[in-house]
Amino acid sequence: DAEAPGASRGSRSLCPRPLDGRCLGELFDQLQPPLRSSQLFGGMTVASADYPDYLRVLRDPGATLRVMRHTAQYCRDRIAGARRGYRIANGQALVARLAQAAIRHGAILQLSSPVEALETRHRRVTGAVVMRPEGAHRITAHVGVVLASGGVTGDQQLAGAFLDNLAAGQTHLRLVGPGVRGDGWRLALAAGAQRVTDVSNPCAWVPASRVPLPGGGHESFPHFIERAKPGVIAVNSEGRRFANEADTYHRFARALVEQAAGRPEAEGWIIADHRALRRFGVGAVPPWPAPIKPYLDRGYLRRAGTITDLASAIGLPPSALDETIAAFNRHAREGRDPAFGRGQSGINRHYGDPRSLPNPSLGPLEQAPFYAVRILPSDIGGFVGVRADARARALDGEGQPIPGLYVAGNDAASPFGGAYPAGGATIGPAMVFGALAALDMCRTNDADIPAPSLMSAI
């Protein structure tokens with residue numbers, strides 16, 4: 001929260017540089033690809049740092065040139081036979097570089113090898129049994145085992161004990177990877193580890209939409225950015241606003257869940273006018289000059305000539321939506337939002353549009369036709385997990401380390417206690433506690449290496 005007492009007003013997030021995936025050799029095809037709906041032309045990755053260029057394409061010569069270079073590189077890759085572009089970015093680039101480093105230092109990556117059980121001897125974890133394509137395989141751990149399987153939110157049965165919307169029978173879209181199934185949680189508890197569930201939030205919330213894919217099937221798409229743009233608002237199933245749309249995705253999605261208590265579904269709608277949709281895109285719908293007809297044809301994007309007709313098309317009370325947008329427009333023209341304070345904070349304005357005056361985050365919905373995309377709650381990682389100490393050692397019910405067992409990533413309880421202070425609140429602790437686990441295992445194996453401290457590692 002950039003407006004909280006003591007918060008930094010500057011940006012501290014780090015993003016990996018894009019790299020050529022051919023450096024991975026055969027491992028490139030094993031790298032989990034990005035969401036299909038987030039890639040252009042069926043397989044072209046857009047780096048976060050390049051996103052502003054794609055919003056300005058054909059309007060800014062420099063941006064157009066850079067986008068053309070990326071597109072030309074992608075075309076060369078596909079002509080050469082690649083199933084998708086070799087240029088990888090964002091989280092994929094981070095994973096690729098970690099894989100490179102691991103292989104360079106002699107690590108053996110065993111993919112498609114889920115852990116079936118931990119092996120223990122005299123209360124010490126001494127190895128694991130994994131299922132490989134050829135059958136069960138026992139791996140002996142001379143120093144320790146690190147559990148880092150992604151947490152519990154990918155298993156709806158486990159997550160239903162912590163997520164209010166799931167417990168109420170409402171939908172929770174899946175965004176976490178296909179391998180996230182709660183395995184680390186189950187293995188740790190079976191070994192006597194203590195779980196942490198008394199957190200302010202059970203997960204890092206994010207609003208998402210269900211995108212129909214060409215050829216059938218669906219995938220979930222996270223709504224990170226467009227909510228802060230002028231000409232865009234969000235309403236609930238009653239046609240009323242329920243939050244500051246430009247707030248962080250975590251706070252916005254939590255508000256989406258909270259306002260839907262007692263209702264059949266925790267749903268909302270992102271609504272935009274034609275100017276906003278074509279300038280910024282909405283959800284999986286890209287900005288101009290990309291076509292929007294496929295999204296209309298598959299029912300992902302709804303369109304109508306008036307707000308009243310749009311409300312009828314998506315099942316909202318027309319009078320309520322008319323009143324909501326009329327009030328929003330009236331204040332947006334003045335650059336203010338008395339209902340939720342949108343556009344007052346620095347982060348609201350940062351993610352808006354500097355061309356929109358008097359407030360970068362506010363603009364009326366005026367240019368027909370009007371569009372809507374349905375949103376539902378989702379998450380990008382859990383905050384509940386196994387209790388660990390400052391050396392990443394899993395702790396038992398009495399708060400004592402379980403010899404040989406370490407936990408990192410979303411398998412571990414969040415060090416922030418369920419808060420989401422900034423982007424990277426899941427991957428940051430994952431990397432820190434993964435390193436702490438490795439350092440402690442080195443110390444266990446070599447008395448000359450000092451024990452790491454949490455503060456010095458951070």
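The legends below describe a predicted model, beginning with the whole protein and then turning to several close-up views.

**Figure 1. Overview of the predicted protein, with its 14 helices and 16 strands.** Along its principal axes, the C-alpha trace spans about 70 × 55 × 45 Å. The radius of gyration of the protein is 24 Å, close to the 23 Å that the globule rule gives for 458 residues, so the protein is as compact as a globular protein of that length. Of those 458 residues, 47% count as buried.

**Figure 2. The aromatic pair of Phe 162 and Trp 185.** The model holds 8 aromatic pairs by the rule applied here. In the pair shown, the ring centres of Phe 162 and Trp 185 are 5.7 Å apart and their planes stand at 70 degrees, so the pair is edge-to-face, a class that requires an angle over 60 degrees. Phe 162 belongs to the loop between helix H4 (156-159) and helix H5 (164-167), whereas Trp 185 belongs to helix H6 (residues 183-190), so the pair ties together parts that are 23 residues apart in sequence. Both Phe 162 and Trp 185 are buried.

**Figure 3. The aromatic pair of Phe 242 and Phe 252, with Arg 227 over one of the rings.** The rings of Phe 242 and Phe 252 have their centres 5.3 Å apart and their planes at 40 degrees, so this pair is tilted. Phe 242 lies in the loop between strand E10 (232-236) and helix H7 (249-259), while Phe 252 lies in helix H7 itself, so the pair ties together parts that are 10 residues apart in sequence. Phe 242 counts as buried because its relative accessibility, 12%, is under 20%. Phe 252 is buried as well, with a relative accessible area of 1%. The ring of Phe 252 also has a charged neighbour, since the charged end of Arg 227 sits over this ring, 4.9 Å from its centre.

**Figure 4. A cluster of aromatic rings, and a second arginine over a ring.** Phe 224, Tyr 249, Phe 383 and Tyr 420 are linked into a cluster by ring pairs. Arg 298, shown in a separate panel, lies over the face of Tyr 295, at 5.7 Å from the ring centre.

**Figure 5. Two cis peptide bonds in the loop between H12 and E13.** Most peptide bonds are trans. In this view, however, a cis peptide bond joins Leu 357 and Pro 358, with omega of about 15 degrees, and another cis bond joins Ala 368 and Pro 369, with omega of about 0 degrees. Pro 358 is found in the loop between helix H12 (346-350) and strand E13 (370-382), and Pro 369 is likewise found in the loop between H12 and E13.

**Figure 6. Positive phi values at Asn 90 and His 122.** Most residues other than glycine have a negative phi. Asn 90, which is not a glycine, nevertheless has a positive phi near 55 degrees, and its place is in helix H3 (residues 90-104). His 122 has a positive phi of about 55 degrees and is not a glycine either; its place is in the loop between strand E3 (115-121) and strand E4 (124-132). With a relative accessible area of 75%, His 122 is exposed, since that value is over 50%.

**Figure 7. Two loop residues and their C-alpha distances to other parts of the chain.** Thr 306, in the loop between strand E12 (302-304) and helix H10 (307-314), is partly exposed, with a relative accessible area of 35%. Thr 306 and Phe 370 are 64 residues apart in sequence, while their C-alpha atoms are 6.5 Å apart in space. Pro 291, in the loop between helix H8 (274-280) and helix H9 (293-297), is exposed, with a relative accessible area of 54%. Pro 291 and Arg 278 are 13 residues apart along the chain, and their C-alpha atoms are separated by 9.4 Å.

**Figure 8. A nonpolar patch on the surface, made by Leu 98, Ile 427 and Met 431.** The patch covers about 270 Å². Among its members, Ile 427 has its place in helix H13 (residues 427-445). Ile 427 is partly exposed, with a relative accessible area of 41%.

Note on methods
Residues numbered from 1 in each chain as written. Predicted model: local features only at pLDDT ≥ 70, side-chain atom pairs only at ≥ 80, totals over all residues. Heavy atoms only, no water. Patch = residues over 30% accessible without salt bridge, like charges linked within 9 Å, V, L, I, M, F, W, Y side chains within 5 Å. Areas by Shrake-Rupley, 256 points an atom, 1.4 Å probe, with all protein chains shown as cover. Salt bridge = Lys/Arg side-chain N within 4 Å of Asp/Glu carboxyl O. Helix = DSSP H or I, 4+ residues; strand = E, 2+ residues; numbered from the N terminus. Buried < 20%, exposed > 50% of the residue type's maximum accessible area, 1.4 Å probe, protein only. Phe/Tyr/Trp six-rings, centres within 6.5 Å; stacked < 30°, edge-to-face > 60°. Lys NZ or Arg CZ within 6 Å of the ring centre and 35° of its normal. Rg over C-alpha atoms; globule rule 2.2 N^0.38 Å.
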